[in-house]
Amino acid sequence: MKYPYIREFSSTLVNWYYKEKRDLPWRHTTDPYKIWVSEVMLQQTRVDTVIPYYHRFINKYPTLESLAYAPQEELLKMWEGLGYYSRARNLQTGVREVVEKYNSKVPNNRHDITKLKGVGPYTAGAILSIAYNEPEHAVDGNVMRVLSRVLHIKEDIALPKTKKVFEEAVTQLIFKKDPGSFNQALMDLGAQICTPTSPKCLLCPVREYCLAFQEGKPEELPIKSKKQKNKKIKYDIYIAIDEDGKYLLQKRPSEGLLANMWEFPMIEIEKENILKSYEIFQKSYDLNITDFLNDQLLKFKHVFSHLTWEMDCHLVQVQKTSKLPKDSNFYSIDEITKLPMSVPMLRILNILK
DNA sequence: AATTCGGGGAT
DNA sequence: ATCCCAGAATT
């Protein structure tokens, strides 16, 4: 399609951004490493959530090298509560690649930077445009919403191939004097004005260039199809205390959900189970429950994006055993506090404190 | 192309 | 409850 107001749209948008942009921590630097950290944290995560994590993370790991040499458990602890923990592991992998293969210089072209672990099309474009002033697209959900309205694009944004349409659009629209500001302006507009529901069109600096506003129904765009189904899994959680008052913890596998994070032992409740869950627990950890201290310590749900855990927590006294399974051990509360744990496990830990 | 990965805030 | 957020990796 032809969109006749490219120059006016782009300069108007950027001028609005210069005047109205939010004062965010990562907007005080052009260090590609720090921009990288911020962009990874911001993946599927709100600005307000990221800000305190960003400060603490940069304070702890101010340089590529400091992150490259950090112990993974310490890194995960820094990421604790932020979610999508593979982002942290992939970021460290990517940072190590830069230190080793690129002499600690973050690549300044899409070909090389996209090869880095955890750096996809969006993050590549964000780093290149913001840190290196390169005219590269950075299309996220925000940008697709804004441009679906401005350009009246009715293709399903849930389909992977649709993103190309927006990437090509940005490539044509981008403000080449200041690509980083242009990309961030699109996102700021999406966050503050062109919101998912009830967009503030009367405050929009580019509404006279917006085809959806002219059509009268900007809130009906973008079009997005699929909704994911949410499976439920029930667990009995065993908070097991030994004779020394220490608690049994299990480290999760190195792949999959909450990889390498610690948790109180979880026994999935399945209908076809013949044994009671406490029997399975005793058998798996090769120990004996000597006392059921509290069979209704805490019962709650935790909702992930693609599944829900229903957790029933039991406090039990156990006899210490010398043959615990791999990656499990007894720890004091102080020791537990230093280990990375998921939010539902932190909730249990808080009850114990 | 579809699924898997967290968690929280807005509606 | 539902949506969606400065997405990427895996299948």
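Author: Two strands count as paired when DSSP finds at least two bridges between them. Strands themselves are DSSP runs of E with at least two residues, and helices are runs of H or I with at least four, both numbered from the N terminus. In this predicted model, the bridge partner of Lys-231 in strand β6 is Leu-307.

Reader: What conventions apply to the numbering and the values?

Author: Residues are numbered from 1 along each chain as its sequence is written, while chains are lettered from A and ligands numbered from 1 in the order in which they are written. The model is predicted, so that local features need pLDDT of at least 70, side-chain atom pairs count only at pLDDT 80 or more, and totals for chains, interfaces and linings use all residues; side-chain values use heavy atoms, leaving out hydrogens and water.

Reader: How many helices and strands are there in chain A?

Author: Chain A has 15 helices and 7 strands. Its C-alpha atoms fill a box of roughly 75 × 50 × 30 Å along the principal axes. Of its 353 residues, 50% are buried, that is, under 20% relative accessible area with a 1.4 Å probe and protein chains only (exposed is over 50%, partly exposed in between).

Reader: In which sense, parallel or antiparallel, does β1 pair with β6, and in which sense does β5?

Author: β1 (residues 231-241) and β6 pair in the parallel sense, over 11 bridges. β5 (residues 289-303) and β6 are antiparallel, with 10 bridges; there, Asn-294 stands opposite Leu-315 in β6. A hairpin is formed by β5 and β6, with 3 residues between them.

Reader: Why is strand β6 described as largely enclosed by the rest of the structure?

Author: Strand β6 (residues 307-318) is largely enclosed because 11 of its 12 residues are buried.

Reader: Which residues come nearest to DNA strand B?

Author: A residue is near a strand if one of its heavy atoms lies within 4 Å of it. Around DNA strand B there are 23 such residues, of which Gln-44, Thr-45, Tyr-84, Tyr-85 and Leu-258 come nearest. Of the strand B atoms within 4 Å of the protein, 58% belong to sugar or phosphate, and the rest to bases.

Reader: Where do polar side-chain atoms of Thr-45 and Tyr-85 meet DNA strand B?

Author: A polar contact with DNA is a pair of N or O atoms within 3.5 Å. A polar side-chain atom of Thr-45 lies 2.9 Å from a base nitrogen of strand B, and one of Ser-305 lies 3.1 Å from a base nitrogen of that strand. For Tyr-85, the partner is a phosphate oxygen, at 2.7 Å.

Reader: Which residues come nearest to DNA strand C?

Author: Of the 26 residues around DNA strand C, the nearest are Gln-44, Gly-118, Asp-140, Asn-142 and Arg-145. Sugar and phosphate account for 64% of the strand C atoms that come within 4 Å of the protein. Helices α2 (32-42), α8 (121-132) and α9 (141-150) each supply at least two residues of this surface.

Reader: Which groups of DNA strand C face the side chains of Arg-22, Lys-117 and Tyr-122?

Author: For Arg-22, a polar side-chain atom lies 3.3 Å from a base nitrogen of strand C; for Tyr-122, a base nitrogen lies at 3.2 Å. An N or O atom in the side chain of Lys-117 is 3.4 Å from a phosphate oxygen of strand C.

Methods: A polar contact is a pair of N or O atoms within 3.5 Å; within protein, one must be able to donate a hydrogen and the other to accept it, and residues adjacent in sequence count only if both atoms are side-chain atoms.
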